[in-house]
Amino acid sequence: MDFETYFADELNSVREEGRYRVFTDIKRHRGKFPHATRFVGEETQAVTVWCSNDYLGMGQHPVVIDAMHSALDECGAGAGGTRNISGTNHYHVELEAELADLHGKESALLFTSGYVSNWAGLGTLASKIPNCVVFSDALNHASMIEGIRHSRAPYKIWQHNDPEDLDRMLSEFGPEVPKLVAFESVYSMDGDIAPIKEILDVCEKHGAMSYIDEVHAVGLYGARGGGIAEREGLMDRITVIEGTLGKAYGVMGGYIAASRNLVDFVRSFASGFIFSTALPPAVAAGAAASIRHLKNSSEERELQRERVEQVRRKLDIMGIPHLANPSHIIPVMVGDAHKCKFISDWLMDNHGIYVQPINYPTVPVGTERLRLTPSPVHDDGDIDRLVNALSEIWSQCELARMASAA
């Protein structure tokens with residue numbers, strides 16, 4: 001087989017479909033984000049970032065930076081190995097305690113990313129619990145899907161955010177069958193929010209464990225940033241809460257929070273934890289500082305909500321179509337892969353506005369979009385420039401506007 005020709009042909013097919021991914025080379029500047037510098041060969045360009053998952057700008061917050069500097073000076077760069085072999089640092093222990101407290105759970109366990117925490121957490125539970133059957137929401141993240149597949153446990157896919165369909169599927173299995181229900185709170189592409197209470201009602205009716213991915217909610221919702229489940233007073237009813245440190249908390253890493261025995265079970269059997277080098281102490285220190293800050297400060301969350309509403313209102317005035325949802329994510333709907341990529345490139349080249357095109361396979365064909373994530377660090381000028389530029393390119397591309405446009 002001519003491997004190089006095969007690789008080239010497959011890549012060309014992706015390009016022809018308009019979904020070839022190009023990484024944007026940027027440098028963030030502390031204290032100036034969302035403004036950054038883009039590198040194109042030997043040239044640079046000032047850009048405004050509109051697609052970051054650093055939802056609250058905590059990646060540049062002085063509390064986080066100072067904590068990381070202190071830990072770096074105190075402990076050095078790396079952790080020294082896996083958590084089993086010399087890699088457990090006191091900052092890891094402190095961070096896990098903060099996370100357990102955040103979610104009202106007995107224990108928490110750190111992983112190197114949210115992807116790994118889902119892959120290892122779900123994969124370990126589903127594979128090690130005898131005869132376990134997994135019930136997965138149809139729009140669950142790739143990390144959850146991979147964890148379930150890796151477990152080799154039987155699984156059922158229930159209709160997105162549909163407790164009645166979940167109830168019907170769970171009813172097919174008797175009480176002797178261990179059941180694990182996996183779903184998210186905020187879905188990152190459409191920005192919709194799960195009916196958590198209704199899902200938990202169904203789980204409890206059938207004696208099923210519940211596993212919720214709150215990666216797009218932790219830090220952002222609830223009185224202390226514990227996520228949608230905290231906001232709705234439901235954390236105590238959930239078996240496992242999974243989250244990330246790489247979005248609203250502005251650093252990196254993932255985790256699960258649950259009972260002491262369940263967390264110890266995953267710690268003892270998950271290869272994705274056992275054989276991974278631990279997070280650097282400075283990263284753990286920065287994440288813990290971010291969590292502590294957001295437990296006590298609602299300023300960032302309140303300002304973010306104001307900015308989200310401001311962007312939505314101005315998009316409505318211009319007639320730019322976007323999905324209505326109750327979250328902080330604004331999907332601007334284009335509906336064509338080539339046009340989506342063209343608009344993204346045009347915004348960057350002509351206005352220094354950085355927003356990534358979201359194409360298949362991340363979203364279904366025909367629902368291609370630009371995913372906007374307004375933050376507390378976007379100002380009025382940033383918002384006006386974004387909306388005016390979108391209106392300009394919408395006209396150039398002769399795309400339909402919303403009927404409610406002013």
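## Helix α1 and the loop that follows

The expected span of a helix is 1.5 Å times one less than its number of residues. In this predicted model, helix α1 covers residues 3-16, which makes 14 residues. From its first C-alpha to its last, α1 reaches 20 Å, close to the 20 Å expected at 1.5 Å a residue. After α1 comes Gly18, with a positive phi near 80°.

Arg19 belongs to the loop between α1 and β1, the strand of residues 26-28. With a relative accessible area of 21%, Arg19 is partly exposed, because that class begins where buried, under 20%, ends and runs up to the exposed class, over 50%. Setting aside neighbours within four places in sequence, the contacts of Arg19 are Val14, Asn359, Tyr360 and Pro361. Arg19 can also be placed relative to Arg371: the two lie 352 residues apart along the chain, and 15 Å separates their C-alpha atoms.

## The hairpin of β2 and β3

Strand β2 spans residues 35-40 and strand β3 spans residues 43-49. The two strands pair in the antiparallel sense, and six bridges connect them. One position in this pairing is Val40, which stands opposite Glu43 in β3. Two residues lie between the strands of the hairpin, where Gly41 takes a positive phi near 65°.

Strand β3 also has a parallel partner, β12, made of residues 353-354. Two bridges join β3 to β12. Within this pairing, Thr48 is found opposite Ile353 in β12. In a regular strand, side chains alternate between the two faces of the sheet.

## An open sheet of three strands

A further sheet is open and consists of three strands in the order β11-β14-β13, with antiparallel pairing. Its edge strands are β11, residues 330-333, and β13, each of which pairs on one side only.

Strands β13 and β14 run antiparallel and are joined by two bridges. In this pairing, Ile358 has Arg369 of β14 as its bridge partner.

## Two cis peptide bonds

Two peptide bonds that lead into a proline deserve attention. The bond from Phe33 to Pro34 is cis, with omega near 20°. Pro34 is placed in the loop between β1 and β2.

The bond from Tyr360 to Pro361 is likewise cis, and its omega is near 10°. Pro361 lies in the loop that runs between β13, residues 357-358, and β14, residues 369-372. Both Tyr360 and Pro361 are among the contacts of Arg19.

## Positive phi outside glycine

Asn161 is not a glycine, yet its phi is positive, about 55°. This residue sits in the loop between β6, residues 155-158, and α7, residues 163-170. The relative accessibility of Asn161 is 17%, so Asn161 counts as buried, a class that takes in values under 20%.

Glu398 is not a glycine either, and has a positive phi of about 55°. Glu398 lies in the segment after α15, the helix of residues 380-396. Its relative accessible area is 72%, and Glu398 is therefore exposed, a class for values over 50%.

## Cavities

Rolling a probe the size of a water molecule over the atoms shows where empty space is left. The structure holds two cavities of 30 Å³ or more. The largest cavity contains about 100 Å³ of space. Its lining consists of Arg83, His92, Leu110, Phe111, Thr112, Gly272, Phe273, Ser276, Thr277, Ala278 and Leu279. The elements that give two or more residues to this lining are β4, residues 107-111, and α11, residues 271-274. By class, the lining of the largest cavity has five nonpolar residues, five polar residues and one charged residue.

The second largest cavity has a volume of about 30 Å³. Its lining is made up of Phe33, Val49, Trp50, Cys51, Ser52, Asp54, Thr373, Ser375 and His378. These lining residues divide into four nonpolar, four polar and one charged. Two of the lining residues have links to features described above: Phe33 precedes Pro34 in a cis peptide bond, and Val49 falls in β3, which covers residues 43-49.

Key: Residues numbered from 1 in each chain as written. Predicted model: local features only at pLDDT ≥ 70, side-chain atom pairs only at ≥ 80, totals over all residues. Heavy atoms only, no water. Pairing = 2+ DSSP bridges. Helix = DSSP H or I, 4+ residues; strand = E, 2+ residues; numbered from the N terminus. 1 Å grid on protein atoms, 1.4 Å probe; cavity = no way out; pocket = protein on both sides within 12 Å on 5 of 7 lines; lining within 4 Å. Points joined across faces, edges and corners; volume = space filled by probe spheres on them. Nonpolar A, V, L, I, M, F, W, Y, C, P; charged D, E, K, R; others polar. Buried < 20%, exposed > 50% of the residue type's maximum accessible area, 1.4 Å probe, protein only. Contact = heavy atoms within 4.5 Å.
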